[in-house]
Structures are given as structure tokens and as C-alpha cells.
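Trainee: Could we go through this structure together, one question at a time? I would like to follow the reasoning behind each answer.

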Amino acid sequence: CLRESHFPDVSLPLHPQKSGPGKGEFNMKTLEKVSDFVGKYMAGIVIVVAALALFFPGTFSVVKTAWVNTLLGIVMFGMGLTLKPEDFKVVFSRPKDVIIGCIAQFTLMPFLAWALTQLFHLPTELAIGVILVGTCPGGTSSNVMTYLSKGDVALSVGMTAVSTVLAPLLTPLLTLLYAGQRVDVNPVNMFLSIVKVVLVPIALGFVVNHFFHAFTQNAVRVLPLISTTAIVLIICAVVSANSAKIMTSGLLILAVVILHNLLGYLTGFGVGKLLKLDSTKCRAISIEVGMQNSGLATSLAAAHFAQYPLATIPGAVFSVWHNISGAVLANFFARTAEEGLILYHNKNGCYTGFLPGAAAISLFIERDLRGFPVFACFPDVAQRQTSREQKGTRTPDPLRVMHDDFSLFRTMIR
């Protein structure tokens, strides 16, 4: 073996000391932890900051509404950093699903917004803000909520991308259609604003991600921190600048925003069911329709309807609310996705029951030799069911489920 004495001119340690993490690596890991925390508790952070800006507006008045466009551009640039060419494949591989989702996006939410302004007899400045929220594309956080809900993430990402690309054209035209009778709407200027604030930053982010992928892989780890900070600052600017007016009409705005958001979820899901899409697609469309790019609505209100200060409020309130409702809905969808209908049969015939962990939809239906209909479920469900049977917590003679080479679920009666 080699020893140091064999190399008299060079002094090398036989057992070099392992170097610890560098300062840069340590700082990056700290930022990642902070970013994960902020991303996880975004809804709570936004609520707290919005409340502070409402009750202590002077403290937050340093954040100006003139910053809104820049801050939104930062959020959109971050979205561009996460986009890859593969994200657009769903547009070509499943155009029908994307078209259904985008039509629902740009028909349901604008109409619901207009209908609510009529139902509640909203004053013009509030009505403009609500309509702007309805005519904007899907929100960037909808993809995360779809993932948490066990929905079709590819469809959600495709819908967000396509609706965002269509926004410069459709948002001004829909705003003109639904709000043009109340106020002067300049669709050309709105088109240019959306291109500048949304499409250009997204395109830059996309290009940076393509040519500097190694850099962006590290950068995206702290994107939740950057995006949340930008959104919080937008809310601070809007809420602190209009705190007095919010105090007088806050409940009305909140009621309209909540109804708009919830009706979007409901009608989006209903469209999917009506067209007989599977549950994962229905969940994706529901969340994508209900969650809007309310930051863009706030930006457009501040830039093009400055004479109506309250027009920025619905977008700011929607930013707070849809993160709360989206998380709740995603949790509900995830839970119901793990609980489905299964049919048992015994000597007396068939009966139904809910089995935790079963497929939310029937993947396979056939009849046994005696003509009884039976539903398939996942193999791990059968294992859990068997353990319950052994403990005496389930009715005897359950369905036994097997998985064949073609990933179909066949059933056997024990």
C-alpha cells in the first residue's frame, strides 16, 4: 500500500477530513425550508397579513398600488420557470379535455360574475372588480390544489397554460361584453397590459428554464417564498389603500367573492359530470374554473379603472379566499377519492357498502356466475378488507380482487 513516506516532496493526509456544507449550501437549504413553510401555510399567512393591512393601514402604506404590475410580473416569471415543453403535450394529446376546460373557464366564471353583480345590485366600482375576476384566466395555484385533490394534474397545467395564453384576447373582450354598459373599456390597452404583465414574464421564464435548466432547478425550490411574498405585497397595497371603504362594504364584497368562487367549483365539476368525464378530470376542471388569476384582475383594475378605487378590492379578497377554499376542496376531493362504492354478495343476494380506500369510480364491472353485479377495487383494498374480516369487523364472504397483467381489476367470489 502507499504511504506518505513514498512521496517525500508531497505531504498528503492518508485520511482527509470530510468538509462540511459550505456557507452557500447552508443558506440555500435554509431558504428551501423557509419556502416550504411559506408554501404550506400560504393561506394563513395571507389572511394574517390582509387583516393587519386592514386594521393598521398606515404601517403597510409603504407598499404602493403602483407596484402591483411589477409584483404580478414576478409571479408570472416564476410560473414560466416551472413550465416545460412537456406541459403543452396534453393540448395535442387530449385536445378535447383542454377545450372543454377552457370553454368552461371563459363562459362560466364571467357569466357568474355578471349575474352576481345583478343579483346583489353592486355599485359600479365593485361590479367592475368582480367582473374582472371572472374574465381572468385560471390561477397559478390551481395546479397545486389539483395535485393535492388527486385530480388530473396534466389537464390542470394544460388548462392554465392555454387559458393564460388566451387571456390577452378573451379577457378584454369579455370585460367589454359584461362591463361595457357601465364603464368605458379599452380592449386594446387591456390586451397590451396583459401581454406585458403576463405573457412576456412567462415567456422569459420559459426561455431561462430551457437554456439554464441547472440554475432553474435550484431556483424553483424557493419559488413558493418569492411568489407568496409578491402576492402578500399586492394584497397589502390594495387593502391598506382602501381600508376605510372595505370596513363599510367588506361583508358584501366577501359574500359575493365566496359565492363566485364556490359556484365556479360547483359548475365546473357539473360540466365534467355532464360530459361524462372521469372523476380525476372533473376535479381538475372544478378547481381550474373556480380558482382565478385574481392578481391579474387587481392589476387590470388598478391600471385601467383607477377612477374606481374599489375595483381592486374583489381581486384582493379573492386572492385570500380562493387559497382557503381551494385547500379545503382539495382535501375533500382527496378524501372522497379514497372512499368508493363496492358491492358484496352473500346467500341472500347483493348489498352495497362504502369501503375506505376503494376506487372513487368503478374501474371494472361484470357479473358473477349467479348474475350478481360486482364492482372492482384496488388490490391493496382487498388486503385491508381481508385484515378487517379476520378481525371480525366486516361481513363474511367479501369480494376478492386480483390484478392481471393488463392492469385490469378482476373479481372472484370466495
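Trainee: How much space lies in the largest pocket?

Mentor: We are looking at a predicted model, and its pockets were found by computation on the protein atoms alone. For the largest pocket, the space comes to about 1,000 Å³.

Trainee: Which residues lie closest to the centre of the largest pocket, and which elements give two or more residues to its lining?

Mentor: The lining of this pocket is made up of 30 residues, and those closest to the centre are T140, S141, N143, V144 and P224. By class, the lining has 17 nonpolar, eleven polar and two charged residues. The elements that give two or more residues to it are α1 (23-40), α2 (42-55), α4, α8 (142-148), α9, α12 and α16.

Trainee: How do the residues lining the second largest pocket divide into nonpolar, polar and charged?

Mentor: The second largest pocket holds about 410 Å³ of space, and α2, α12, α13 and α16 each supply at least two residues of its lining. Of its 19 lining residues, A50, L54, I246, L254 and V317 lie nearest the centre. The division by class is 18 nonpolar, one polar and no charged.

Trainee: What is the volume of the largest cavity, and which residues are closest to its centre?

Mentor: A search of the whole structure finds one cavity of 30 Å³ or more, and the volume of the largest cavity is about 200 Å³. There are 17 residues lining the largest cavity, and the closest to its centre are I231, N293, S294, G295 and S319.

Trainee: Which helices each supply at least two residues of the lining of the largest cavity?

Mentor: By class, this lining divides into six nonpolar, eleven polar and no charged residues. The helices that each supply at least two residues are α4 (68-82), α12 (223-241), α15 (294-304) and α16 (313-337).

Trainee: Why is α7 described as largely enclosed by the rest of the structure, and how many of its residues are buried?

Mentor: A residue counts as buried when its relative accessible area is under 20%. The residues of α7 that meet this cut-off include L126, I128, V130 and L132, and what covers the buried residues of α7 includes α6 (95-119), α9 (153-179), α10 (187-211) and α13 (243-274). The helix is therefore largely enclosed by the rest of the structure, the number of buried residues being ten of the twelve.

Trainee: How far apart are the end C-alpha atoms of helix α7?

Mentor: Helix α7 covers residues 124-135, and at 1.5 Å a residue its twelve residues should span 16 Å. The end C-alpha atoms agree with this expectation, since they are 16 Å apart.

Trainee: Which residues are joined into one network by salt bridges that share partners?

Mentor: The structure holds three salt bridges, and in one of them D97 pairs with R94, the closest N and O atoms being 3.2 Å apart. R94 also forms a salt bridge with D152, at 2.3 Å between the closest N and O atoms, while D97 forms a salt bridge with K281, at 3.0 Å between the closest N and O atoms. D97 lies in helix α6 and K281 in helix α14 (residues 279-290), so this pair ties together parts that are 184 residues apart in sequence. The residues joined into one network are R94, D97, D152 and K281.

Trainee: Is K281 buried or exposed, and what is its relative accessible area?

Mentor: The cut-off for buried is a relative accessible area under 20%. K281 counts as buried because its relative accessible area is 18%.

Terms used
Residues are numbered from 1 along each chain as its sequence is written. This is a predicted model: local features need pLDDT of at least 70, side-chain atom pairs count only at pLDDT 80 or more; totals for chains, interfaces and linings use all residues. Side-chain values use heavy atoms; hydrogens and water are left out. On a 1 Å grid over the protein atoms alone, a cavity is a set of points where a 1.4 Å probe fits but cannot get out, and a pocket is an open set with protein on both sides within 12 Å along at least five of seven lines; lining residues have an atom within 4 Å of a point. Grid points are joined across faces, edges and corners, and a volume is the space filled by probe spheres set on the points. Helices (H or I, at least four residues) and strands (E, at least two) are DSSP runs, numbered from the N terminus. Ala, Val, Leu, Ile, Met, Phe, Trp, Tyr, Cys and Pro count as nonpolar, Asp, Glu, Lys and Arg as charged, and the others, Gly among them, as polar. The expected span of a helix is 1.5 Å times one less than its number of residues. Buried means under 20% relative accessible area, exposed over 50%, partly exposed in between (1.4 Å probe, protein chains only). Contact means heavy atoms within 4.5 Å. A salt bridge is a side-chain nitrogen of Lys or Arg within 4 Å of a carboxyl oxygen of Asp or Glu.
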